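I opened this model to look up its exposed surface, its overall make-up and the setting of one helix. My entries follow in the order in which I looked.

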Amino acid sequence: MPTKTTRLAAWVIAIPIFLWLLLASTTKISGNNPLYEVQAYAPWVFWIGLGELTAGLLFLIPRTTVIGGLFLSAHLGGAILFHIDRGEPFFAPSIFVSFWFQSLLLIGCWVVVCLRRPDVLFTAAAAKGAG
């Protein structure tokens, strides 16, 4: 059972992550994202934004944080690969122009999941020992 301090820490980390996801998803859903200009991505941008918003909402709600964390892992993993595939520099002048930002969001996401549901770590360790 998480203590009051760990619950507060989880909220302090989760809210900025959710706000960033909200910003990114609303630009995709509303059609104001630069990805709409790329012919190959245009049909999928709305659905990516909708999935991003759904995963963010599931992540924000403490009861569904694990499934939201799993969905965000898939989404942010795809975003990391997208930025690497585009050939963005490894050491960019700003953290927002490289894959590092999505990597930090993903790490923060799993920190929140582990703060809210520490049993996730024990379940993974038990499964590793059993197999």
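I began with the surface: the chain exposes about 8200 Å², of which carbon and sulfur atoms supply 74%, the areas coming from the Shrake-Rupley method with a 1.4 Å probe. I note that this is a predicted model, in which local features need pLDDT of at least 70 and side-chain atom pairs count only at pLDDT 80 or more, while totals for chains, interfaces and linings use all residues. Residues are numbered from 1 along each chain as its sequence is written, and side-chain values use heavy atoms, with hydrogens and water left out.

I then looked up burial, and found that 31% of the 131 residues of the chain count as buried (under 20% relative accessible area, with a 1.4 Å probe and protein chains only).

For the secondary structure I found 5 helices and 0 strands, where helices are DSSP runs of H or I with at least four residues, strands are runs of E with at least two, and numbering starts from the N terminus.

I turned next to helix α1, residues 4-30: its 27 residues should span 39 Å at 1.5 Å a residue (1.5 Å times one less than the number of residues), and its end C-alpha atoms are 38 Å apart, which agrees. Within α1 I listed A10, A14, I17, F18, L21, A24, S25 and K28 as buried, and the cover over these buried residues includes α2 (42-60), α3 (65-85) and α4 (100-116). After α1 comes G31, whose phi is positive, near 90°.

How values were computed
Buried < 20%, exposed > 50% of the residue type's maximum accessible area, 1.4 Å probe, protein only. Contact = heavy atoms within 4.5 Å.
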